[in-house]
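Me: I've got a structure here that I'd like to talk through with you. Here it is.

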Amino acid sequence: MGTRRKKHVILTCEYCKNKFEVIPSLKNKRRCCSKICMGKYNSVHKIGKANPNYSGGTTEQKIGYILINTGPNKREYEHRIVMAKHLGRDLTKAEVIHHIDGNKKNNCVTNLMLFKNQSTHTKYHSDLRLLE
Ligand SMILES: [Zn+2]
Ligand SMILES: [Zn+2]
């Protein structure tokens with residue numbers, strides 16, 4: 001058994017339905033054979049920033065939060081600024097702030113809880129629901 005080449009996985013392009021090869025680590029990341037197909041596929045399926053379930057951005061319920069102008073064309077959530085000051089460092093994009101009393105406008109540091117990412121935050125919410 002000579003393993004000269006890395007094994008490739010054959011996938012079917014979700015846009016043009018052509019077969020294409022990828023390295024196994026990209027198996028779940030690639031949907032299309034080319035950037036052109038990917039762009040067309042994304043515009044059809046609205047993947048990315050337009051999708052409210054997109055986890056890379058800060059699209060989490062904008063309504064109800066206090067936004068502060070921090071510079072020209074720059075707005076930040078007050079609760080994130082408060083937490084960053086409290087920690088003495090900037091928050092990462094993934095980090096999520098939870099309002100303990102549920103009041104999104106109560107940005108007192110004692111009302112804020114920091115989560116590493118949205119999934120630990122979501123898990124915390126489902127744990128809370130189990131306690132009710
Ligand atoms: Zn394609
Ligand atoms: Zn929360």
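Me: How many helices and strands does the secondary structure of the chain come to?

Reply: Bear in mind that this is a predicted model. Reading from the N terminus, the elements go β-β-α-β-β-α-β-β-α. Tallied up, the chain has 3 helices and 6 strands.

Me: What percentage of the residues of the chain count as buried?

Reply: To count as buried, a residue needs 20 or more other C-beta atoms within 10 Å of its own. The chain has 132 residues, and the share that counts as buried is 6%.

Me: How many of the 14 residues of H3 are buried?

Reply: Helix H3 covers residues 118–131 and reaches 20 Å from first C-alpha to last, close to the 20 Å expected at 1.5 Å a residue. H3 lies largely in the open, because the number of its 14 residues that are buried is 0.

Me: Is lysine 17 buried or exposed?

Reply: Lysine 17 is in the loop between strand S1 (9–12) and strand S2 (19–22). Its phi is positive, near 65°, and it isn't a glycine. Most residues other than glycine have a negative phi. With 9 other C-beta atoms within 10 Å, against a limit of 12 or fewer, lysine 17 comes out as exposed.

Me: And asparagine 73, what is its phi?

Reply: Asparagine 73 belongs to the loop between strand S3 (67–71) and strand S4 (74–77). It's exposed, because it has 6 other C-beta atoms within 10 Å. It isn't a glycine, yet its phi is positive, at about 55°.

Methods:
Residues numbered from 1 in each chain as written. Chains lettered and ligands numbered in written order. Predicted model: local features only at pLDDT ≥ 70, side-chain atom pairs only at ≥ 80, totals over all residues. Helix = DSSP H or I, 4+ residues; strand = E, 2+ residues; numbered from the N terminus. Expected span 1.5 Å × (residues − 1).
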